Structures are given as structure tokens and as C-alpha cells.
There are 2 protein chains.
Amino acid sequence: MSYSPQVISIDNLSEFCIGVLRACGVGEADSRVTAQILTTTDAWGVFTHGTKALRGYLRRLKGGGLAPRGVPSVVTEGRGWAVVDGDSSLGMVTSTYAMDVALAKARYTGLGYVGVRNSCHFGAAGAYAAQAARSGFIGLAMANDIPSVAAPGSRGAVTGSNPLAYAVPAGRHHPLMLDMSIATVAGGKVYAARERGEPIPATWLIDDQGRPTDDPQAYPEHSTLTPAAGHKGFGLALLIETLAGALTGAAMTARVGSWLAGDLSAPTHHGAAFLALDVAAIGPDLPARIESLIDEIHAAPRAAGVDRLYVPGEKEWENLDRSLRDGIALPPDVVASLGEAAAMGDMDLERYLKNP
Amino acid sequence: MSYSPQVISIDNLSEFCIGVLRACGVGEADSRVTAQILTTTDAWGVFTHGTKALRGYLRRLKGGGLAPRGVPSVVTEGRGWAVVDGDSSLGMVTSTYAMDVALAKARYTGLGYVGVRNSCHFGAAGAYAAQAARSGFIGLAMANDIPSVAAPGSRGAVTGSNPLAYAVPAGRHHPLMLDMSIATVAGGKVYAARERGEPIPATWLIDDQGRPTDDPQAYPEHSTLTPAAGHKGFGLALLIETLAGALTGAAMTARVGSWLAGDLSAPTHHGAAFLALDVAAIGPDLPARIESLIDEIHAAPRAAGVDRLYVPGEKEWENLDRSLRDGIALPPDVVASLGEAAAMGDMDLERYLKNP
């Protein structure tokens with residue numbers, strides 16, 4: 001079966017997601033939360049972390065490694081912080097809950113930290129940063145993962161690609177929003193070059209002797225992603241590991257389970273961390289100041305051939321606005337993945353695609 | 001007058017610093033704090049941010065842009081946060097005070113944020129992160145600065161090089177400690193290549209049309225540092241600008257004064273931000289878990305020709321241990337700068353160098 005790009009409304013895509021999650025035993029509210037995050041991620045144009053991942057989550061829900069009726073809860077807490085056990089529920093469910101707790105703490109003390117253990121892949125970190133910004137808070141979100149990125153001088157993977165996201169209210173502009181991994185590039189870019197049969201810049205990968213390589217063919221079996229900006233990306237990876245792993249009781253490095261390829265019956269024990277700062281309390285002028293900063297960047301002199309300077313998140317918000325208006329143009333790989341998800345949930349994907 | 005490398009004990013270097021600061025009107029306690037930070041930075045081997053900067057601070061103290069008797073104070077606060085006005089005192093004085101306030105907040109709520117305005121260049125961000133780690137806390141420190149780094153697609157500087165540092169208690173190991181700027185490389189590396197007449201990698205600079213260049217000669221008049229890992233470094237710059245500038249009431253981007261080259265009679269209005277997390281409250285296992293993580297990294301397979309894998313801060317702590325034992329081997333440019341500082345403070349540098 002081959003798939004072509006398909007345009008689908010956010011509402012239809014969301015209903016489809018809720019349907020397959022419900023069919024796999026996830027409760028109504030948790031299905032809605034998960035669908036909202038995955039479809040928003042697609043609407044941002046971040047298709048690697050949107051509904052394409054649903055198939056993997058469903059497999060794990062059926063396998064028992066994710067608990068369809070898991071209930072995340074606070075296990076320890078103080079005035080400004082909490083540690084949440086995700087009870088092996090969907091990473092989106094645990095993370096949304098955890099950021100809500102961080103926001104509640106921040107309302108009381110000005111800032112809140114919530115560390116999470118016993119979570120799973122949480123999709124796009126930016127979703128939880130944006131959750132904070134929607135409430136007028138500065139939000140940060142991060143997570144650890146299985147080793148996939150080298151350290152400077154290593155021969156193989158040492159840290160996870162450990163995403164880090166933030167969002168900042170920006171007055172009349174959409175929030176500033178960055179969602180980055182600490183690797184030079186995502187593995188998906190290497191796969192794309194491999195499929196096209198093209199070499200890659202020698203800065204993206206090291207081979208199995210630890211030497212730079214421009215050959216994408218051996219990835220991921222015999223080559224490893226490099227950390228962004230060398231020791232800087234490696235250093236950020238360990239900061240994220242500190243806040244999302246070491247401080248929370250989550251598994252770390254090789255003891256984290258692969259959410260995609262690992263034993264489907266076992267929890268992955270991912271860690272995550274969420275921070276919120278109360279803008280209204282600490283710096284009520286902040287949105288206006290960020291608005292001006294963005295205006296200043298937009299007006300800055302540009303290199304030849306550059307039409308616009310973008311601030312972090314700007315492209316994603318424009319994609320979201322377009323998706324709300326015109327629907328989401330799902331790439332073929334996402335449609336294919338949704339086809340498998342439909343089969344697992346005994347749903348008719350075509351019905352949702354045909355009636356945008 | 002030419003200078004050669006000089007070995008000096010930390011104590012002697014510290015006494016010299018205190019002497020010149022006292023001679024320029026700085027109080028006893030503030031002189032001690034400043035000397036401790038600058039000499040520790042030299043002892044770490046980070047000579048660009050240690051006592052070499054003293055000359056510039058003294059000029060500004062004499063010019064009036066830094067207040068020798070300035071007293072930083074909390075201007076607004078909540079349970080877990082505060083905003084500090086530095087009163088144009090030395091950046092080291094304000095920042096040490098601010099991290100102390102953040103630690104006090106963190107003792108109460110589990111984590112503390114302190115934003116700073118009306119500060120100046122604060123030396124090495126790592127000094128304040130280390131201050132937190134010495135007390136058993138996770139510490140983060142960051143600051144904004146005058147524009148010196150491009151944005152992706154820009155033709156000139158858009159953000160500061162905005163340092164970010166963290167330190168994490170690590171059991172029997174020294175703390176994990178990263179101190180990075182968001183530029184691909186520090187300007188000092190470009191100057192060094194220029195002096196050697198060597199080309200640089202085309203990823204370090206853009207020329208005044210916004211194109212990559214491998215020519216260090218036109219820096220900094222007609223070329224600009226690039227952000228580390230492109231949009232990632234740019235995105236981190238704006239996160240730091242948010243926490244250190246927009247949230248604190250500090251000056252931002254072009255409105256920050258140059259601490260080195262600007263009007264010596266005017267405050268620079270730098271911003272900074274400090275975060276502390278209480279390890280004993282949130283995650284008492286953290287030091288042991290970080291200790292194991294470091295052991296694991298040390299044991300990871302290495303690339304051919306690599307003797308050791310270093311974790312962030314490890315080289316600096318080894319340098320500090322060596323400096324404590326053998327004294328600090330000051331490079332000639334630092335000795336020359338201290339010579340000028342000595343003249344401004346009417347001190348005899350030779351006396352301190354001759355009797356290590």
C-alpha cells in the first residue's frame with residue numbers, strides 16, 4: 001500500500017487519534033490530551049514528533065509497557081517543587097500533568113520545578129513549554145532518553161539526544177519557542193540523506209572508530225550522532241540528564257528503555273523535567289520587552305538573499321495558523337504510520353482523510 | 001616592557017587583587033569576594049575571564065561607571081524569587097550576593113531564581129554556579145551582554161555572547177561544571193588565529209555581507225561571530241536574554257553598555273540570572289547518581305588516540321588542584337594586564353610575583 005500526502009483538518013486528525021487511543025483502552029480525558037499534543041505538533045510542521053509516533057505508543061499500550069489507565073501522581077513535594085511518578089502512562093499525559101503541577105507551584109512561589117520518573121517518550125518538548133506560555137508563564141521542558149549521541153572523544157553513544165524546549169510570552173507576537181535536541185542534527189536527517197544516496201557533512205556523525213564520517217549508510221548500526229557544538233551540546237545533555245534523570249529517580253542512559261524498539265511489555269522509565277516562572281509576579285513588563293526584542297530582530301540587517309529573520313518558534317506558529325485555516329498536509333510517512341495505527345485501533349482512517 | 005609567563009601563588013595573586021581594588025576605593029569585603037572569583041578563574045585555567053579583566057574594572061571604577069561603594073539589594077521578591085539591583089557595583093559583588101539570595105530562597109521553597117539588573121561584566125559565569133554547588137545545590141548562572149553574535153540569516157550582531165553556566169554536586173568527584181557562551185567560538189580564538197596569520201574554519205565568522213568567511217583579519221570591525229549550532233545557539237541566547245534581561249529590567253542588546261570599551265563614566269546596565277535547586281530536598285540521591293554517571297562516562301569506549309573522556313569542568317578542577325599545589329602559571333598577556341592594574345592601584349606587582 002502506498003500513501004500520498006493528505007490534507008486533514010486538525011479536528012478530524014484529533015478525533016481519529018482519540019478514537020484509536022480509546023480503542024486501546026486509554027481513558028477519554030487522557031486520549032484528548034494526547035491527541036491535542038500530537039495534532040498540534042503536526043500542525044506546527046514537526047511531523048517527526050506528532051501523530052506519526054502514535055503507532056509506537058499504541059503498540060506499547062497493547063504490549064503492556066504503557067499503562068492505558070495509568071495515573072501520574074506527586075510522590076514527593078515542597079513549596080516550589082514536586083517529583084511525579086508517571087505510573088507508566090503515556091508521556092503526554094504525565095508531562096501535561098507535571099507542567100500543571102509546576103504552574104501551580106509557580107503561582108504560589110514564583111517558580112516551580114517538577115521532575116518526572118516512570119514516564120515514556122513525551123513527543124515534542126515544546127508542547128509543554130507552550131502549555132506554560134499559554135498561561136502567561138515562562139516554561140521549560142526537557143527529557144532524557146536512551147544513549148544516541150557521542151561525547152567529545154567517545155567512540156559510541158554516551159548521552160541521549162535529550163530535548164530542551166522553552167516558551168516565553170511575547171505580547172502581540174506568538175511566544176518565543178525553541179525545541180532543540182542536543183545532537184548536531186536529528187537522526188531523521190541522516191536517514192533522509194541515506195535514502196537520497198547523498199553524503200552528509202562530516203560534522204553530523206562519527207563512525208564506529210570515533211572518526212568523523214560523511215557516509216550516512218552505516219547509521220545507526222555503525223555510526224553515532226555528534227553533540228551540537230561539541231562540548232557545549234554534551235554539557236547541555238548532562239544538565240538535562242541532571243534535572244530530568246538524576247534528580248527525579250528516573251532511569252538514566254543505557255537503563256532507559258527504547259520507547260520504539262525495546263521490549264513492548266516493559267516500562268521505559270524515561271525521566272523529564274518541567275520549570276515554570278510566573279511572569280506576572282517577577283517581571284510583568286516581560287511580554288512587552290520580548291515583543292520589542294522580536295521587532296528589533298525582525299528589523300535587523302539581513303545577509304544577501306535572506307528575506308526574513310525568524311525568531312525561535314515563529315515558523316511553527318505560522319504553520320499552526322495555516323493548519324487551522326487550511327488543514328494539515330500530512331507527509332506520506334505520517335499517513336502510512338496512521339494507517340497502521342488505524343488497524344491497531346480498528347478504525348477507518350480513510351473516513352477521516354476523505355472528509356476534511 | 002615585555003612580559004614572560006610568571007608563576008604566582010593563589011594567595012599572592014589574591015592579595016595583589018585586593019590591594020589594587022582597595023586602592024581604587026572598593027571596600028574590604030567586596031575586594032575579597034572579587035579577588036576570590038578572579039583568582040579562582042585563573043586557577044581553573046580560564047585566563048580570559050580572570051584577573052586579566054581587573055584592569056578594565058579598575059578603569060571603570062576610576063571613571064565612575066562602576067561604584068566602588070555600591071551596595072546591591074533586593075528590589076522586589078516573592079517566596080522563591082527576587083530581583084536585585086546591583087547599584088553599579090562590581091559584577092562579581094552583585095552576582096555573589098544574588099546567588100546567595102537564590103540559595104536562601106531555594107532553602108525555603110526548594111528552588112530559587114534571582115534576576116539582576118544594573119550589574120556589569122561578572123567574569124566567569126561558572127564561579128556562581130560553583131558557589132551553589134559548594135553548598136550542595138545545583139546552580140545555574142547566566143548573563144546578557146552587548147550584541148556580538150549573529151542570528152541565522154543576519155548580517156551583523158544580534159545577541160550577546162550570553163554565557164550560561166551550571167554546576168552539579170557529584171559525590172566523590174568535583175562538581176559537573178559547564179561554562180559556555182552561545183557563540184561557536186570565543187572572539188579570543190579569532191584574535192589568536194589573526195596573530196598567527198592563519199585562516200579559521202568557515203563556521204566561526206560571517207563577513208559584513210553575512211557570508212561565511214575563513215579570514216580572521218577583519219574581526220571584529222567587519223565580521224561577526226556565529227551562534228553555536230546555528231538556530232540552537234541563537235535560541236539559547238534568547239532564553240538567556242529572557243531570564244537575565246527581559247525579566248529583570250536590565251538593559252538589553254544594543255542598550256547594554258560595553259564594560260571594556262564603552263563610556264567609563266556610565267553604568268553598563270548588564271543583566272544576569274541565577275537559579276539554585278536544593279538537592280537535599282528534591283533528590284538526595286543526586287550526588288551519588290551523578291558520581292556513577294561520571295564513572296560510566298570515564299569508562300565509555302574512546303575514539304582512537306583519545307586518552308580520556310572528560311566531563312564538563314573536569315579540566316578546570318584539575319587545573320585548580322594543580323594551581324593550589326604549584327601556583328598559577330600566568331600567561332604573558334595576563335601579566336601585562338596586571339602590570340597596568342598595578343600602576344592604577346599604585347602597587348608593586350613585582351613584589352607579588354617575586355615571592356610566590
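Visitor: What radius of gyration does chain A have, set against a compact globule with 356 residues?
Guide: A compact globule with 356 residues would come out near 21 Å, and chain A agrees with that. The rule behind it is 2.2 Å times the number of residues to the power 0.38, with the radius taken over C-alpha atoms. For chain A, the value is 20 Å.

Visitor: And what kind of model am I looking at?
Guide: Residues are numbered from 1 along each chain as its sequence is written, chains are lettered from A and ligands numbered from 1 in the order in which they are written, and side-chain values use heavy atoms, without hydrogens and water. Local features need pLDDT of at least 70, side-chain atom pairs count only at pLDDT 80 or more, and totals for chains, interfaces and linings use all residues, as this model is predicted.

Visitor: What kind of axis relates the two copies?
Guide: Lay chain A on chain B (least squares on C-alpha atoms of residues with pLDDT of at least 70 in both) and you get an RMSD of 0.0 Å, using a turn of 180° and a shift of 0.0 Å along the axis. The copies are thus related as by a two-fold rotation axis.

Visitor: Which residue of chain A has its C-alpha nearest that axis?
Guide: This C-alpha sits 2.8 Å from the axis. Its residue is in the loop between β12 and α7 of chain A (DSSP runs numbered from the N terminus: helices are H or I, at least four residues; strands are E, at least two). It also has a positive phi of about 55° although it is not a glycine. The residue is A:Ala229.

Visitor: Why do the copies meet through the same surface?
Guide: Contact (heavy atoms within 4.5 Å) takes 72 residues from chain A and 71 residues from chain B. The copies meet through the same surface because the share of chain A's interface residues that are also interface residues in chain B is 99%.

Visitor: How much area do chain A and chain B bury between them?
Guide: Buried area is what two parts lose to a 1.4 Å probe on being put together, summed over both. Here 71% of it is on carbon and sulfur atoms. A:Lys232, A:Ile282 and A:Arg289 lose the most in chain A, together 12% of what that side buries. The total is about 5500 Å².

Visitor: How many salt bridges are there between the chains?
Guide: One of them pairs A:Glu296 with B:Arg255, the closest N and O atoms being 3.0 Å apart. The rule asks for a side-chain nitrogen of Lys or Arg within 4 Å of a carboxyl oxygen of Asp or Glu. Between chain A and chain B, the count is two.

Visitor: Which helix gives the most to chain A's side of the contact?
Guide: Chain A has twelve helices and 14 strands to pick from. The winner spans residues 231-246 and supplies twelve residues to the side touching chain B. That helix is α7.

Visitor: Which two residues of chain A does a cis peptide bond join?
Guide: The proline of the pair is in the loop between β11 (212-213) and β12 (223-225). Omega is about 0°, and chain B has a cis bond from B:Tyr219 to B:Pro220. In chain A, the pair is A:Tyr219 and A:Pro220.
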